[in-house]
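I opened this model to look up a few things and kept short notes. The entries follow in the order in which I made them.

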Amino acid sequence: MKDLYILGIETSCDETAASVVKNGEEIVSNVVASQIESHKRFGGVVPEVASRHHVEQITLVIEEALKQADLTPAELAAVAVTEGPGLVGALLIGVNAAKAFAFANGLPVIGVHHIAGHVYANRLGGGLEFPLVALIISGGHTELIFMERDGSFELIGETRDDAAGEAYDKVARVIGLPYPGGPHIDRLAHESDGAVEFPRAWLEEGSYDFSFSGLKSAVINYVHNAEQKGQPVDKAKVAAGFQESVVDVVTAKTVRAAKEYGVRQVIAAGGVAANRGLRDSLAAALEEEGIRFHVPPLKLCTDNAAMIAAAGTSMYRAGVRSDLRMNGRPGMEL
Ligand code: KG4
Ligand code: ZN
């Protein structure tokens, strides 16, 4: 069978990315222009700043992805692009670049859901075994998804307030760590020899939803109280306590979902899936249940375009095509 090369484009948040993937599973090129440095001083992503960066970078990033792949547009089968969800101004730049590229080169264009992309990152150098439960956990999302087979998504739980990564970033800011705070909290938590006890949000019995804003407030109150009393704050113990609370709840709910849905595999993706504490906890709990666990290498956990190309390949094979009236959809549902 002829090899299938698909160009992926991702601009839903603060990474301008393009990638060529072969047969939905092999990365041929993967270019990511990160804007972290520009957003750092604001402590989070500023939509207007993100859009401007995307405009400046998108053409260069696409050209670079093709150059590194050593392919001409004619050798591609399609262009896959993140259609949503995300920041509207950011999405529009990727979608319009994809449409223009596809139109100019006579290629079909396929709009991909960002979360489907995170899921299919697990097919790059790994494998997806259905039925599976996917934990998507990042700065914008915290979701549990049941996939009975390729291409079918059932949302079984999601955050009711902050995404886990958002809580990580806010807590990090309160204890004086740089943005993005997740990796710093992870490191401090590992160095700590104790932990402050913070609450766990289990919600109603049987619920697969999450809530992190109560935990975030508990940490903020703890730090402010200590400061008011002039007591020193042990940052490492705060980090460890916060992380324990997140990891306990996320692990327990993920494992319970995996058992209830009788899946063969659990996969994780999104920036927070890079968390060592969470990976170790999930791996240990799932091994005990005899359920396979897969998480992509760090680089593919965070936003990238290879995952969009991988998801787009699955859709391409299923005959899905978008048309040139496609627009960015900030609130797109899975
Ligand atoms: O997937 P991603 O790059 O972008 C979104 O789609 O949101 O995720 C970024 C998020 C940030 O909140 C960052 O703090 C968090 O992932 N993150 C981590 C770790 N590495 C990145 N959170 C906890 N532990 C980590 N090691
Ligand atoms: Zn993401």
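**Entry 1: the ligand**

I began with where ligand 1 sits. Domain 1 (5-120 + 301-317) and domain 2 (130-295) both contribute residues to the shell around ligand 1, so the ligand lies between the two domains. I noted that this is a predicted model.

Next I listed the shell. It holds 19 residues, and Gly139, Gly165, Gly182, Gly271 and Thr302 come nearest to ligand 1. Two elements, α5 (164-174) and α6 (182-191), each give two or more residues to that shell. By character, the shell residues split into 10 polar, 6 nonpolar and 3 charged.

**Entry 2: the record**

I then checked UniProt. Its unreviewed entry lists Ile136, Ile137, Ser138, Gly139, Gly140, Asp169, Gly182, Asp186 and Asn275 under "binding site". I picked Ile136 and Gly139 from that list for a closer look.

Is Ile136 buried or exposed? I counted 28 other C-beta atoms within 10 Å of Ile136; the cut-off for buried is 20 or more, so Ile136 is buried. Ile136 belongs to strand β6 (residues 132-137). Leaving aside neighbours within four places in sequence, I found Ile136 in contact with Ile115, His118, His141, Glu143, Ile145, Ala269 and Gly270.

Gly139 is in the loop between β6 and β7 (142-147). Gly139 is buried too, because 24 other C-beta atoms lie within 10 Å. Which residues does Gly139 touch, not counting those up to four places away in sequence? I found Ala163, Gly165, Glu166, Asp169 and Gly271. Of these contacts, Gly165 and Gly271 are also among the residues that come nearest to ligand 1, and Asp169 is also in the UniProt list.

**Entry 3: cis peptide bonds**

I looked up two cis peptide bonds. Gly84 and Pro85 are joined by one, with omega about -10°. I placed Pro85 in the loop between β4 (78-84) and α3 (88-105).

The bond from Tyr179 to Pro180 is also cis, with omega near -10°. Pro180 sits in the loop between α5 and α6. Those are the elements I had noted for the shell around ligand 1.

**Entry 4: positive phi**

I went through the backbone angles for positive phi outside glycine. Asn23 has phi near 55°. Asn23 lies in the loop between β2 (15-22) and β3 (26-34). Asn23 is partly exposed, because 16 other C-beta atoms lie within 10 Å.

Leu203 is not a glycine either, and its phi is about 60°. I found Leu203 in the loop between α6 and α7 (213-228). With 15 other C-beta atoms within 10 Å, Leu203 is partly exposed.

**Entry 5: strand β5**

How many residues of strand β5 (residues 109-113) are buried? I found 5 of the 5, so the strand is largely enclosed by the rest of the structure.

I sorted the β5 residues by face. Side chains in a regular strand alternate between the two faces of the sheet. Val109, Gly111 and His113 are on one side of β5, Ile110 and Val112 on the other, and all are buried. Both faces of β5 are therefore covered.

Last, I checked the pairing. β4 and β5 run parallel and are joined by 5 bridges. In that pairing, Val81 stands opposite Gly111 in β5. β4 also leads into the loop that holds Pro85.

Technical notes. Residues are numbered from 1 along each chain as its sequence is written. Chains are lettered from A and ligands numbered from 1 in the order in which they are written. This is a predicted model: local features need pLDDT of at least 70, side-chain atom pairs count only at pLDDT 80 or more; totals for chains, interfaces and linings use all residues. A residue is near a molecule or strand if its C-beta atom, placed from the backbone, lies within 6 Å of it. Helices (H or I, at least four residues) and strands (E, at least two) are DSSP runs, numbered from the N terminus. Ala, Val, Leu, Ile, Met, Phe, Trp, Tyr, Cys and Pro count as nonpolar, Asp, Glu, Lys and Arg as charged, and the others, Gly among them, as polar. Domain bounds come from an automatic or database domain assignment. UniProt positions are given in the numbering used here, feature names are shortened, and annotations may be inferred rather than shown by experiment. A residue is buried if 20 or more other C-beta atoms lie within 10 Å of its own, exposed if 12 or fewer, and partly exposed in between; C-beta atoms are placed from the backbone. Two residues are in contact if their C-beta atoms, placed from the backbone, lie within 7 Å. Two strands pair if DSSP finds at least two bridges between them.
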